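Got your viewer open? Load the model below and keep the selection box handy.

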Amino acid sequence: MRLSHSGRTVLAIALAGAVTVPVAPAFAAAKQPAADLRADVNRDGTVDVRGGTDTAGEDSWTTGRGAVFLPNIDDDSRRCPTKGPGGKPLNDRQLAACNDAADTKVNGTADAADLARLRTVPVQGLASGGYGTATITGAGAKHARLFIHRVGNGGWQPVTAKTKLTAAELRTGVELGMEGTDVVRDSKVWDGRAVVKLTVHSGGKSASDDVTLKVAPLLTHHHLQNAQEVLVTKMDEGSEYGRQQSKFVKDLGTEVKRAGISKPLVTFTKYGDPWAQDFVEPGYVSMAGPGGRQHAMRVMLRSAQPDRESGRELFEKLRGPGTGVVQVTKVRDSEEHTLNSTGNLETIPPYAHDGRSYPAGRIIMGQRVDSNSKPAAAMRTLLTSQGMQDPLLLDTSWLHVGHVDEFVQFLPANTPRGWRIGIADPQGGLKLLRDAQQAGHGKTRVFSVPDAKETPAPKETIDQALASKELRADNELAARRIATNLETLKRATGVTDAEVIRVPALYTRGTDEGADGDRTPTLKRLGSSTVPDAVGKHGQLAGLPDAGTDGATKTAGPSAKATTMTSAYVPGAVNGVVLARDRYLAPKQWGPVIGGKDIFTTAVTTAYGRAGMKVAYIDDWYTYHLGMGEVHCGTNTLRDVSAPWWKGVGGPS
């Protein structure tokens, strides 16, 4: 018979009379395979497969540590159409359906850069026929996608249920890429987490390793991020309003350059909606990229106003390489249109207070407490679900338009906190008029704005304004409501009175009984009984609560009660634009001119000077002020997103 090598050895030993020793089995048991998957857990832009910097905490996720992946919703190759067959414009749903994550391809090198990288630690000792698999488990499987990078074999390929990582690939190490197909919409449905499982099979045995990643939160800008581009609507010059608007855009461009912003204005041109602040809130998502630098994608958050067609231009004009668009569509008819404008969405800069930290800042939005009316639930859910900027609701019941940007802002400051609050001060505005009256200037007109072709200048004098009990009452009301909101902000942030800049302002209601006993609409009081069609058609004035005949206004809803609502009388200085840490652009005040100086301009300049800011002024009387808005309402900004959102910007709170 024929003996195996081991059998011949045992026989030879026995024949030699040697001591019997244990004999090894014919084949050693298969070695347990190793599985080690790594991601950029420490967020330094590199996946560490040699050391241990990316292993601690890989199975969990916190604000400060844990791998991040992007919702890949931009259009790097500009492949997304805006029109269908026959040139018919796509509807909103069709527009939003296309982005880089809508297919299973990596669309070029720019798209590849949007993938979060994962790597396998090289596996040694694999048995013949060994292989691996990679899968996304849990709820994340519906919201994320894996790719494998195979050099010389088509580059990036989608990982499917049939994809096997070969023994050769596992021995050298595999590179995977991950993308999200959307932002988090509702954390109760999906909180953004995706668990990636690597399983290695060898010799009839298997081993696995998991890594937890989370999609980058969609964040809004705050004013400690430097402005890089300014957005504005450019109107057709065929009308008087269009010509006034063109002048506004030209003057805006001049001031933007003076503030040190080199990029040209981004202009909306298609839908004639002048309220560029109100149909979009610029935001961003980011993760650590090569060299530790932030790899960011801008995300234009469309206002929760599905019938506002100007939001379509975000897809048609801005979506492209490095820029995506998010919209919410589940908006109830009962949710007030104007509260859903994004002028009603601002952001407190980063702070920590009372055990809570907001390293990326915190959103504020206005609600009508008096009638229990809030911004759209779908939008609030989306913003809250990001887990970073939990919206704080302020009371804007007393404002006709109802936007937070009408009375509060946040200003960069060289202080330990890094910022201050700028707040409208109606008492300060009344004091300016009273001081002028006491100095003998009661016959001076409140407004120095000249007559325009379609709008005569207001004729009201300081004496007449101060004789109006309604004007006094309106500003006393505004002062009380502003004080209440300021206390809310102070409790939430820890800001002290010393960190508040009070900016003179005046407000007036929808209708007013003047000193002569006549009922005078606000706009007539300001020199016009109408506003240009382009202003009245959109946003600020569309969908406002109905004005009553008794000077009060009632909002929609069965529990609504009559509430006096106001808007800016003198152009609202706080409703301007922070262009740089030391540059502020305010609406031209057109206040009483005494001794050759506009007393409101002087007071506003002094107030911002206390915050270390230089003020430039731009005329928005006809283009925005008569439509119950100001410079901020008519513009928007794209800001620097190079700082890691998990570390914050500015000083400690």
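Which residue in β15 is the bridge partner of A288? Select Q294: that is the β15 residue bridged to A288. Before we go on, a word on ground rules. This is a predicted model, with local features taken at pLDDT of at least 70, side-chain atom pairs counted only at pLDDT 80 or more, and totals for chains, interfaces and linings using all residues. Numbering starts from 1 along each chain as its sequence is written, and side-chain values use heavy atoms, with hydrogens and water left out.

**Stop 1: the four-stranded sheet**

Now widen the selection to β14 (280–288) and β15 (294–302). They pair in the antiparallel sense over nine bridges. (Strands are DSSP runs of E, at least two residues, and helices are runs of H or I, at least four, numbered from the N terminus; two strands pair if DSSP finds at least two bridges between them.) Add the rest and you have an open sheet with mixed pairing, in the order β11-β14-β15-β16. β11 (219–220) and β16 (323–326) each have a single partner strand, so one side of each is left without a neighbour in the sheet.

**Stop 2: the three-stranded sheet**

Next, pick out β13, β12 and β36, which in that order make an open sheet of three strands, again with mixed pairing. The edges are β13 (266–268) and β36 (635–639), each pairing on one side only. Neighbouring strands here are turned by 25° against each other on average, direction ignored. β12 (227–233) and β36 pair in the antiparallel sense over five bridges; to see a matched position, show V232, which stands opposite T635 in β36.

Then turn on α5 (240–258), which lies across β12 and β36 and runs at about 175° to β12. (Axes are lines fitted to C-alpha atoms, for helices over the stretch in contact, with angles from 0 to 180 degrees between N-to-C directions; contact means heavy atoms within 4.5 Å.)

**Stop 3: the largest cavity**

Keep β36 on screen. There are five cavities of 30 Å³ or more, and the largest has a volume of about 240 Å³. (A cavity is a set of points on a 1 Å grid over the protein atoms alone where a 1.4 Å probe fits but cannot get out; lining residues have an atom within 4 Å of a point. Points are joined across faces, edges and corners, and the volume is the space filled by probe spheres set on them.) Of its 22 lining residues, select H223, Q277, E346, H632 and T637, the closest to the centre. β36 gives the most to this lining, with four residues.

**Stop 4: an aromatic pair**

Show W275 and Y624: edge-to-face, 5.2 Å centre to centre, 65° between the planes. (Rings of Phe, Tyr and Trp, its six-membered ring, pair with centres within 6.5 Å; planes under 30 degrees apart are stacked, over 60 edge-to-face, the rest tilted.) W275 sits in the loop between β13 and β14 and Y624 in the loop between β35 (614–618) and β36, so the pair ties together parts 349 residues apart in sequence.

**Last stop: two helices**

Finish with α8 (426–441) and α10 (469–493), whose axes come within 8 Å and cross at roughly 145°. Among the residues that meet there are L430 and R434 in α8 and A478 and I482 in α10.

Technical notes
On a 1 Å grid over the protein atoms alone, a cavity is a set of points where a 1.4 Å probe fits but cannot get out, and a pocket is an open set with protein on both sides within 12 Å along at least five of seven lines; lining residues have an atom within 4 Å of a point.
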